[in-house]
Amino acid sequence: MTPTGPSSPRRRAVLGAFVSAALGAAGCSRTAAPAGHPRQEDPTRGGSPSPSPGLPHTVLWRPTSAEVQPAAKLRAVRLVEAIGAWAAGQGGAAAARARVAALGLPTALVGRAGPLLPTADEAALQVVYAQYGGILSRSASVLVVCRQWTRRGGTTRAGGSTVDVRLSRSGSDWTVDALYPARPGPALRSLAPDIRTALSDDRIVLPPAAVADLRSGQVHTSVARALLALARTYRLEVSVVRSGHPLDVFGTGRPSDHPRGRAFDVWRIDGHAVVDPATSRGLIERFMRDAAAAGSYNVGGPVLLPGGGAGQFFSDATHHDHVHVGFRA
């Protein structure tokens, strides 16, 4: 992110490992996902029905102590979890408002929940990652990347979204002011070859909103080409591509490259979270330089690299938890 605002069998197999790894990184567990459920967890199916009426068990996501503002991330995540998951008989806006009120947050936020609150008998939601869309001293944007499973009658559907949660700070407390769920747009019938290849590459792990972005035809092929180039060396786990990201660079009036389909963010490289202090700085530096070599004019991350073209590399608090890769076209 600019400094701050037809799935294959191989891909289905990789996704199960991705979900397990993401949950382990969260540092919290209640119950493990049941065996025999992996196909329900495939976001590339775009919410297609499953014959099983069951929902996977999920775990609460928690930030690590290495976060810049872990309390802001936790506040954003708990809101998304409260709106997007409910037991049988607890669906609908009224019940969601009660869950939000129990968090001490404005119930009017439920009216902006959009795809998080579909008509369903019950729902399960798993936060994959929460990254900053921007972090300032008194305000923040937290991009909550999630998968959601809903059951209606005997049909279970898998989907998910990315939600831009806007927060403000008073003293040591963070409150939520607004929600902006991803709206990727309808899928095209025909896609550019590089886009199709990126969608099927099992070394490029994409969350639901990012898959929908690529399928919408609103992402430049430069993004797909760079993803494919990097996937020859790394297994990269993407957090955000186009939708679910602030329209402007957070705290400014400058348009971000993400909504224009000219950027992507990576939160984990070869199984190592960018935010984790134990992750090799050398790995992150190599990835950032390889992203530049793949055509990015604007590479940001937790490490400020020397060299490159003017302004090609940057680092700030917002990019402490991911690597941003941007393109001019």
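This is a walk through a predicted model, stop by stop, with something to select at each one.

Residue numbers count from 1 along each chain as its sequence is written, and side-chain values use heavy atoms, with hydrogens and water left out. Because the model is predicted, local features need pLDDT of at least 70 and side-chain atom pairs count only at pLDDT 80 or more, while totals for chains, interfaces and linings use all residues.

**The whole chain**

Start with the protein chain in cartoon view. You should find seven helices and 12 strands; these are DSSP runs numbered from the N terminus, with helices being H or I of at least four residues and strands being E of at least two. Of the 329 residues in the chain, 53% are buried. Here buried means under 20% relative accessible area, exposed means over 50%, and partly exposed is in between (1.4 Å probe, protein chains only). Switch on the surface and you are looking at about 13,100 Å², 53% of it supplied by carbon and sulfur atoms. Those areas come from the Shrake-Rupley method with a 1.4 Å probe, and for residues only the protein chains shown count as cover.

**Salt bridges**

Side chains of opposite charge can pair when their charged atoms come close. The rule used here asks for a side-chain nitrogen of Lys or Arg within 4 Å of a carboxyl oxygen of Asp or Glu, and the count comes to 10 salt bridges.

Select Lys-73 and Glu-67 to begin. Their closest N and O atoms are 2.8 Å apart, and both residues are buried. Add Asp-321 to the selection: Glu-67, Lys-73 and Asp-321 are linked in a network of salt bridges.

Keep Lys-73 on screen and bring in Tyr-132. Lys-73 lies over the face of the Tyr-132 ring, 4.7 Å from its centre. (To count, NZ of Lys or CZ of Arg must be within 6 Å of the ring centre and within 35 degrees of the ring normal.)

Tyr-132 leads you on to Gln-69, in the loop between strand S1 (49-50) and helix H2 (70-84). Gln-69 and Tyr-132 are 63 residues apart in sequence, yet their C-alpha atoms are 9.5 Å apart in space. Leaving out residues up to four places away in sequence, Gln-69 touches Tyr-132, Ile-135, Arg-169 and Trp-174; a contact means heavy atoms within 4.5 Å.

Next, pick Glu-122 and Arg-151, a salt bridge with closest N and O atoms 2.6 Å apart. This pair links strand S2 (residues 122-135) to strand S3 (residues 139-152), with the partners 29 residues apart. Glu-122 is partly exposed at 21% relative accessible area, whereas Arg-151 counts as buried at 15%.

Then try Asp-213 with Arg-242, where the closest N and O atoms are 3.9 Å apart. Asp-213 sits in helix H5 and Arg-242 in the loop between strand S7 (236-240) and strand S8 (263-269), so the pair ties together parts that are 29 residues apart in sequence. Asp-213 is buried, with a relative accessible area of 0%, and Arg-242 counts as buried at 11%.

**Rings**

Now show the aromatics. Rings of Phe, Tyr and Trp (its six-membered ring) pair if their centres lie within 6.5 Å; planes under 30 degrees apart count as stacked, over 60 as edge-to-face and the rest as tilted. There are four aromatic pairs by this rule. Tyr-129 and Trp-267 make a stacked one, 4.4 Å centre to centre with 15° between the planes. With Tyr-129 in strand S2 and Trp-267 in strand S8, the pair ties together parts that are 138 residues apart in sequence. Both Tyr-129 and Trp-267 are buried. Add Trp-61 to see the cluster that ring pairs build from Trp-61, Tyr-129 and Trp-267.

**Ser-216 and helix H6**

Which helices flank Ser-216? Its loop runs between helix H5 (208-215) and helix H6 (221-231). At 6% relative accessibility, Ser-216 counts as buried. Look around Ser-216 for contacts with Pro-184, Gly-185, Pro-186, Ala-187 and Leu-188, again not counting residues up to four places away in sequence. A polar atom of the Ser-216 side chain also lies 3.2 Å from the backbone nitrogen of Gln-218.

Finish by stepping along H6, which is mostly covered: eight of its 11 residues are buried. Among them are Ser-222, Val-223, Leu-227 and Leu-230. The buried residues of H6 pack against helix H4 (193-200), strand S6 (204-205), S7, S8 and helix H7 (281-293).

Methods:
Polar contact = N/O pair within 3.5 Å; in protein donor to acceptor, adjacent residues only side chain to side chain.
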